[in-house]
Amino acid sequence: MGWLNDRFREIAAAVMVLTRLPFLHFEHSFPAMASAAWAFPLVGGMLGLMIGCVQIMLIRLCGMPSWPAAVICVALGVLMTGALHEDGLADFADAAGGHTTEKKLMIMRDSRIGSFGAVSIVLSLMIRTACIASLTPGGYALGAIISSMAMSRFCVLLIPCFLHPARPEGLGAMMAGIGPVQLAMAAIPTVVLASLAGIHGWLAFLTALLSAWLVGCYARRTLGGFTGDVLGATEQCAVCVAFLVMVCG
């Protein structure tokens, strides 16, 4: 029972970090992110399952056209995560306007959204909406949504595994303890969930990993490390390219 309780607490910790869903109140210590990292793909898959079920309900039971249903599905995902990843993407995109590392980090701390940030959010929302609208409700669509959401959360773990935090505080510092062991543990549920979409799931996973690597390389070159905003941008890029691969099959 003690082992199961520890795993449950780690799942709850991952839910609390990645979503705004009420799950569990910790009366004692909060599990370290390194120990909860394996559950990140599970949380992503859980979010994808809810979004996929909503798509099926809206289209097949309510008779709603695919595009309005897709808009609602994407909006639901944003609400469940509190726009956490979209905010990171916007700040990361705005930082491209800085000419020095210090200036980029200062821009990323600014709560205001610039033109680059606004455009990046719009593009991300449009890509996900168009892809979900292109998926016919059913087994493949549900598997594609679940696996895309799961693998994008796995890609978040790649960054702290190979980069150092760009500053000593914030979410980036909290994730700094994640290493190859935690990454390997998280890969197990990710591979299982990616298999739900068959060969397209595997291709999407490889493409998502490539996008995460590119974001990480850019962060290392321009920021000297990663921040929480880099993690958010990694998730958004990964989920968008995963969805694009899913609909190209």
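Trainee: Where is Gly 48 found?

Mentor: In helix α3, residues 40-61. Keep in mind that this is a predicted model.

Trainee: Why is Gly 48 called buried?

Mentor: Set the value against the cut-off. Buried means under 20% relative accessible area. Gly 48 has 0%, so Gly 48 is buried.

Trainee: Which residues does Gly 48 touch, not counting residues up to four places away in sequence?

Mentor: Ile 145, Ile 146 and Met 149. A touch here means heavy atoms within 4.5 Å. For a distance in space, take Ile 188: its C-alpha is 17 Å from that of Gly 48, and the two residues are 140 residues apart along the chain.

Trainee: Now Ala 238. What makes Ala 238 count as buried?

Mentor: The relative accessibility of Ala 238 is 0%. The cut-off for buried is under 20%. Ala 238 therefore counts as buried. This residue lies in helix α12, residues 228-248.

Trainee: What does Ala 238 touch, leaving out residues up to four places away in sequence?

Mentor: Ser 152, Cys 155, Ala 208 and Ser 211. Met 64 is another matter: from C-alpha to C-alpha, Ala 238 and Met 64 are 28 Å apart, with their positions 174 residues apart in sequence.

Trainee: Why does Gly 97 count as partly exposed?

Mentor: Partly exposed is the band between the cut-offs of 20% and 50%. Gly 97 has 38% relative accessibility, so Gly 97 falls in that band. Gly 97 lies in the loop between α5 and α6. Not counting residues up to four places away in sequence, it touches Ile 107 and Phe 116. The C-alpha atoms of Gly 97 and Ser 147 are separated by 33 Å, and these residues are 50 residues apart along the chain.

Trainee: And Ser 66: what makes Ser 66 count as partly exposed?

Mentor: The relative accessibility of Ser 66 is 29%. The band runs between 20% and 50%, so Ser 66 counts as partly exposed. Ser 66 has its place in helix α4. Beyond residues up to four places away in sequence, it touches Ile 59 and Ala 133. Ser 66 and Ala 212 are 146 residues apart in sequence and 30 Å apart, C-alpha to C-alpha.

Trainee: What is the phi of Ala 83?

Mentor: Near 55 degrees, which is a positive value in a residue other than glycine. Ala 83 is found in the loop between α4 and α5. Its relative accessible area is 25%, so Ala 83 is partly exposed.

Trainee: On to the rings. How many aromatic pairs are there?

Mentor: The count comes to 2 aromatic pairs. One of them is Phe 92 with Tyr 218.

Trainee: Why is the pair of Phe 92 and Tyr 218 called edge-to-face?

Mentor: Two checks. Centres must lie within 6.5 Å for a pair, and planes over 60 degrees apart count as edge-to-face. The centres of Phe 92 and Tyr 218 are 5.6 Å apart and the planes stand at 85 degrees, so the pair is edge-to-face. Phe 92 lies in helix α5 and Tyr 218 in helix α11, so the pair ties together parts that are 126 residues apart in sequence.

Trainee: Phe 92 and Tyr 218: buried or partly exposed?

Mentor: Phe 92 has 11% relative accessibility, so Phe 92 counts as buried. Tyr 218 has 26%, so Tyr 218 counts as partly exposed.

Trainee: What makes the pair of Phe 154 and Phe 205 edge-to-face?

Mentor: Their centres are 5.6 Å apart and their planes stand at 70 degrees, so this pair is edge-to-face too. Phe 154 lies in helix α8 and Phe 205 in helix α11, so the pair ties together parts that are 51 residues apart in sequence. Both Phe 154 and Phe 205 are buried.

Trainee: How many helices and strands does the protein chain have?

Mentor: There are 12 helices and 0 strands.

Trainee: How do you know that the radius of gyration of the protein chain agrees with a compact globule?

Mentor: For 249 residues, a compact globule would have a radius of gyration near 18 Å. The protein chain has 18 Å, so the two agree. The C-alpha trace spans about 50 × 50 × 35 Å along its principal axes. Buried residues make up 50% of the 249 residues.

Methods:
Residues are numbered from 1 along each chain as its sequence is written. This is a predicted model: local features need pLDDT of at least 70, side-chain atom pairs count only at pLDDT 80 or more; totals for chains, interfaces and linings use all residues. Side-chain values use heavy atoms; hydrogens and water are left out. Helices (H or I, at least four residues) and strands (E, at least two) are DSSP runs, numbered from the N terminus. The radius of gyration is taken over C-alpha atoms; the globule rule is 2.2 Å times the number of residues to the power 0.38. Buried means under 20% relative accessible area, exposed over 50%, partly exposed in between (1.4 Å probe, protein chains only). Rings of Phe, Tyr and Trp (its six-membered ring) pair if their centres lie within 6.5 Å; planes under 30 degrees apart count as stacked, over 60 as edge-to-face and the rest as tilted.
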